[in-house]
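User: I should like to learn how to read the main features of a protein model. Could we proceed feature by feature?

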Amino acid sequence: MVVDDNPDNMLLMRDLLSSRGYEVVAAPHAEEAERHIRFDQPDLILLDVVMPGKSGYELCRELKEDPQTRLIPVVLITGLTDREDKVRGIEAGADDFLNKPIFPEELFARVKSLLKLKEFTDELENAEAVLCTLGLSVEARDPYTEGHCERLARYASDLGEHLGLPAESLVALRRGGYLHDLGKIAVPDEILKKGANLTPQEWEIMKRHPVTGEAICKPLKSLRLVLPIIRHHHEHWNGTGYPDGLKGREIPLLPRILQVVDVYDALRTHRPYKPALSHDQAARTMIEEAHAGLWDPELVPEFFAMLQKAKAVA
Ligand SMILES: [Fe+2]
């Protein structure tokens, strides 16, 4: 996408890029560009800085703040070589700069390298989406856990937000909701569907799922913060959990958060071997279990404080 209020520049860039086989959408101002972007996301935006109405800086900043559009590379086109303008552009989140007048070879080189980068980002996003879908397919094998991953993703990131954690931790918690039980993909149906009364051998197989899930997700660098959630979501505060028998704060915070919401959701849902508990019954059970040493004794009350706050707002 080319955004420039100067028709000569706009047509020049459009024609140059079209001559190389790129599909180009041209817009004379930020507002029209925004309409296009909402309708069909471009792979790259070449954006003039000085335009009537919304400036290139403003549009760039807005695109980079919006989770839907932040991964689209933006090249700011400036007639000024002033350092301050570049700093402003970097602050607005621009990925690169082009100076006017435009030199075709420079334009082609920038466009080519940024589109390559966009391709990698898309592939990575796809890989993550595939893993999350796999997580949901694991959930689908057990008819009693329907909607569990989605609720977990929401509750866990809400609790993270309530605790004031940074944005990247909230993203990790949301993904953790979908990915924490991914390793169950290697657990046979007859064990998975049994739910309770597993034999010691079956239990050993079941207990491998955190390590298996971690191994599946490990190659993706973008899931770095999710790995501890997957590995440690069955540890217990008193050290009796698995796979590593970690104790207290040795268990990283993010898995402890996911665990609290996981336990709550499990108590609140009906399973073949147990009825669903009411909110009050679930709260009492969890506080008792936290006293008995299973869950983080500070996080459990925080979780209920958060639910209370959410209820008050609603
Ligand atoms: Fe699990």
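Analyst: The following exchange takes up the sheet, the salt bridges and the surface in turn. Please note that this is a predicted model.

User: How are the strands of the sheet ordered, and in what sense do they pair?

Analyst: In general, strands of a sheet pair through backbone hydrogen bonds, either parallel or antiparallel. Here, five strands form an open sheet in the order E2-E1-E3-E4-E5, and the pairing is parallel.

User: Which strands stand at the edges?

Analyst: Strand E2 (26-27) and strand E5 (96-99) do; each has a single partner strand, so one side of each lacks a neighbour in the sheet. The partner of E2 is strand E1 (residues 2-3), and two bridges join them in the parallel sense. One residue pair to inspect is Val 3 with its bridge partner in E2, Ala 27.

User: Which helix packs on the sheet, and which strands are touched?

Analyst: Helix H3 (residues 56-65) packs there, in contact with strand E3 (45-48) and strand E4 (74-78). The direction of H3 makes about 170° with that of E4.

User: How many salt bridges are there?

Analyst: A salt bridge is counted when a side-chain nitrogen of Lys or Arg is within 4 Å of a carboxyl oxygen of Asp or Glu. The count comes to 19. One of them joins Glu 106 and Arg 110, with the closest N and O atoms 3.3 Å apart. Glu 106 and Arg 110 are four residues apart in helix H5, and therefore separated by about one helical turn.

User: Which salt bridge links distant parts of the chain?

Analyst: Arg 151 and Asp 265 meet through their side chains at 2.6 Å, N to O. This pair connects helix H6 (residues 148-162), which holds Arg 151, to helix H12 (residues 253-268), which holds Asp 265, across 114 residues.

User: Is Asp 265 buried or exposed?

Analyst: The cut-off for buried is under 20% relative accessible area. Asp 265 has 4% and therefore counts as buried, whereas Arg 151, at 22%, is partly exposed.

User: Which residues form a nonpolar patch on the surface?

Analyst: Val 130, Leu 134, Ile 185 and Ile 216 form one, with about 290 Å² of accessible area together. Val 130 belongs to helix H5 (residues 104-141).

User: Where is Arg 208 placed?

Analyst: Arg 208 lies in the loop between helix H9 (200-206) and helix H10 (209-217). Its relative accessibility is 51%, so Arg 208 counts as exposed. Between Arg 208 and Gly 183, the C-alpha to C-alpha distance is 7.6 Å, although 25 residues separate them in sequence.

Key. Residues numbered from 1 in each chain as written. Predicted model: local features only at pLDDT ≥ 70, side-chain atom pairs only at ≥ 80, totals over all residues. Heavy atoms only, no water. Buried < 20%, exposed > 50% of the residue type's maximum accessible area, 1.4 Å probe, protein only. Pairing = 2+ DSSP bridges. Contact = heavy atoms within 4.5 Å. Axes fitted to C-alpha atoms, helices over the stretch in contact; angles between N-to-C directions. Patch = residues over 30% accessible without salt bridge, like charges linked within 9 Å, V, L, I, M, F, W, Y side chains within 5 Å. Areas by Shrake-Rupley, 256 points an atom, 1.4 Å probe, with all protein chains shown as cover.
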